[in-house]
Amino acid sequence: MIEQPQITQTSAVQTAVIRVTIPRDQIQEAMGPGYEELMAAIAGQGIGPAGPWYTHHLCMDPEVFDFEIGAPVTAPVTPTGRVQPGELPAVTAARTVYHGVFDGLPDAWGEFETWIAAQGHAERPDLWEVYAVGPETSDDPADWRTELYRPLA
């Protein structure tokens, strides 16, 4: 389900983001429109995307998702509508890659977090997913790859 996890050091990445706070069961309704709005704004400013889009979950609550829909950019974004400048932080993180449809992500995260705990690492409250290959780049779900990052305390 997931590739062999590893510990890595990330670099800070300049991004454009839309912050979303919604009940957990509304995630599917929020992602598509948020992605479209973000991509239109950064394309309109001629600054990206400079890599795959992502979601950065700022804290994990069983009932509410508080997260950013983001994409790396080549220059600072000018705030427009809900789109704001952002940054993925430089951190020490556990990282793995999940292959497959998005419905399998909860199980992939469970497997990944089990590995992190077994290694004796403490997690920070945030995490992010980078959608390296997904439905916007391939019609074949077998090609889809999601990078999972869990910053470590």
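Ala16 stands opposite Pro85 in strand E5. This pairing belongs to a predicted model, in which strand E2, residues 13–23, is joined to strand E5, residues 84–88, by five bridges. E2 and E5 run antiparallel. Strand E2 also pairs with strand E4, residues 64–72, again in the antiparallel sense, and here there are nine bridges. One of the contacts between E2 and E4 is that of Ile18, whose bridge partner in E4 is Ile69. In a regular strand the side chains alternate between the two faces of the sheet.

**Salt bridges**

How many salt bridges does the structure hold? There are six. The table gives three of them, with the distance between the closest N and O atoms.

| Acidic residue | Basic residue | Closest N and O atoms |
|---|---|---|
| Glu113 | Arg150 | 2.5 Å |
| Glu123 | Arg150 | 3.4 Å |
| Asp126 | Arg124 | 3.1 Å |

The salt bridge between Glu113 and Arg150 has its closest N and O atoms 2.5 Å apart. This pair links distant parts of the chain, 37 residues apart: Glu113 is in helix H2, residues 105–118, and Arg150 is in strand E8, residues 145–151. Arg150 also forms a salt bridge with Glu123. Because Arg150 lies in strand E8 and Glu123 in the loop between H2 and strand E7 (127–133), this second pair ties together parts that are 27 residues apart in sequence. Glu113, Glu123 and Arg150 are thus linked in a network of salt bridges.

Is Arg150 buried or exposed? Arg150 has a relative accessible area of 7%, so it counts as buried, the limit being under 20%. Its two partners in the network are described in other terms: Glu113 is partly exposed, with a relative accessible area of 27%, and Glu123 is partly exposed as well, at 30%.

The remaining pair in the table is Asp126 with Arg124. Asp126 is buried, with a relative accessible area of 6%, whereas Arg124 counts as partly exposed at 28% relative accessibility.

**Acidic residues at the surface**

Which residues gather in a patch of negative charge on the surface? They are Asp25, Glu29, Asp61 and Glu63. Glu29 is found in helix H1, which covers residues 27–44. With a relative accessible area of 54%, Glu29 is exposed, because the cut-off for that class is over 50%.

**Helix H2 and the residues after it**

Helix H2 contains Glu111 as well as Glu113. Glu111 counts as partly exposed, at 36% relative accessibility. How far apart are the C-alpha atoms of Glu111 and Pro125? They are separated by 17 Å, and the two residues are 14 residues apart along the chain.

**A cis peptide bond**

Most residues other than glycine have a negative phi, and most peptide bonds are trans. The peptide bond from Gly48 to Pro49 is cis, with omega near 10 degrees. Where is Pro49 placed? Pro49 is in the loop between H1 and strand E3 (54–60). Helix H1 also holds Glu29, one of the members of the negative patch.

Technical notes: Residues numbered from 1 in each chain as written. Predicted model: local features only at pLDDT ≥ 70, side-chain atom pairs only at ≥ 80, totals over all residues. Heavy atoms only, no water. Pairing = 2+ DSSP bridges. Helix = DSSP H or I, 4+ residues; strand = E, 2+ residues; numbered from the N terminus. Patch = residues over 30% accessible without salt bridge, like charges linked within 9 Å, V, L, I, M, F, W, Y side chains within 5 Å. Areas by Shrake-Rupley, 256 points an atom, 1.4 Å probe, with all protein chains shown as cover. Salt bridge = Lys/Arg side-chain N within 4 Å of Asp/Glu carboxyl O. Lys, Arg positive; Asp, Glu negative; His and termini not counted. Charge placed at Lys NZ, Arg CZ, Asp CG, Glu CD. Buried < 20%, exposed > 50% of the residue type's maximum accessible area, 1.4 Å probe, protein only.
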